[in-house]
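Good morning, and thank you for coming. I would like to take you through one protein chain, from its overall plan down to individual residues.

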Amino acid sequence: MEILEEIKKKVREDEAFSASLKEAKTPEDVLKALLSSGFEVTFDEVKAMAKTEDGELSDDQLDAVSAGFILNPPDIQWPFW
């Protein structure tokens, strides 16, 4: 997912963006934060970033998370639904 790599990069470079994702409580909040930061992403894509087919995070996603968030650096959090 190329968009995920772009989001990871922005999280590492932009503290305000990182904070907006930390504050997100719902998938809708995440979508709003991404759209307001210029990402062209759909609600379904946001949900796909959060889950695999069985609703569990993949090993790759777990490697990129801290406290349940898909992005790096490790101090970023994301509540998974």
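Let me begin with a definition: a residue counts as buried when its relative accessible area is under 20%, as exposed when that area is over 50%, and as partly exposed in between. Please also keep in mind that the model on the screen is a predicted one.

We can apply the definition at once. Leucine 31 has a relative accessibility of 16%, and it therefore counts as buried. Across the protein chain, which has 81 residues, 33% count as buried.

Let us now turn to the overall plan. How many helices and strands does the protein chain have? There are five helices and zero strands. Reading along the sequence, one therefore meets the pattern α-α-α-α-α, where each α stands for a helix. The protein chain exposes about 5000 Å² of surface, and carbon and sulfur atoms supply 47% of that area. Among contacts in the protein chain with a separation of 6 or more, 44% are between residues 24 or more positions apart.

Next, I shall discuss two pairs of helices. Two packed helices are described by the angle between their axes and by the distance between the axes.

The first pair is H1, residues 2–13, and H2, residues 15–22. Their axes come within 6 Å and cross at roughly 110°. Because angles of 65 to 115 degrees count as roughly perpendicular, H1 is roughly perpendicular to H2. The crossing of H1 past H2 is left-handed. Which residues make this contact? From H1 they are Ile7, Lys10, Val11 and Glu13, and from H2 they are Glu15, Phe17, Ser18 and Leu21. Sorted by class, the contact of H1 with H2 has four nonpolar residues, one polar residue and three charged residues.

One residue of this contact, lysine 10, deserves a further look. Lysine 10 belongs to helix H1. Is lysine 10 buried or partly exposed? Its relative accessible area is 24%, so lysine 10 is partly exposed. Setting aside residues up to four places away in sequence, lysine 10 touches Phe17, Ser37 and Phe39. Lysine 10 and serine 37 are 27 residues apart along the chain, while their C-alpha atoms are separated by 9.2 Å.

The second pair is H2 and H3, the latter being residues 27–36. Here the axes come within 9 Å and cross at roughly 165°. Angles over 145 degrees count as roughly antiparallel, and H2 and H3 are therefore roughly antiparallel to each other. Their crossing is right-handed. In this contact, Phe17, Ser20 and Leu21 of H2 meet Val30, Ala33 and Leu34 of H3. By class, the contact of H2 with H3 has five nonpolar residues, one polar residue and no charged residues. Phe17 and Leu21 are thus named in the contact with H1 and again in the contact with H3.

Helix H2 also holds alanine 19. With a relative accessibility of 29%, alanine 19 counts as partly exposed. Alanine 19 and alanine 33 lie 14 residues apart in sequence, and 9.7 Å separates them in space, C-alpha to C-alpha.

Finally, let us return to leucine 31, which lies in helix H3. What does leucine 31 contact, apart from its neighbours within four places in sequence? The residues are Val41, Thr42, Phe43 and Val46. For one of them, threonine 42, the C-alpha atom is 7.3 Å from that of leucine 31, with the two residues eleven apart along the chain.

Methods:
Residues numbered from 1 in each chain as written. Predicted model: local features only at pLDDT ≥ 70, side-chain atom pairs only at ≥ 80, totals over all residues. Heavy atoms only, no water. Helix = DSSP H or I, 4+ residues; strand = E, 2+ residues; numbered from the N terminus. Buried < 20%, exposed > 50% of the residue type's maximum accessible area, 1.4 Å probe, protein only. Contact = heavy atoms within 4.5 Å. Areas by Shrake-Rupley, 256 points an atom, 1.4 Å probe, with all protein chains shown as cover. Axes fitted to C-alpha atoms, helices over the stretch in contact; angles between N-to-C directions. Parallel < 35°, antiparallel > 145°, perpendicular 65-115°, else oblique. Left-handed = near helix turned anticlockwise from the far one by under 90°. Nonpolar A, V, L, I, M, F, W, Y, C, P; charged D, E, K, R; others polar.
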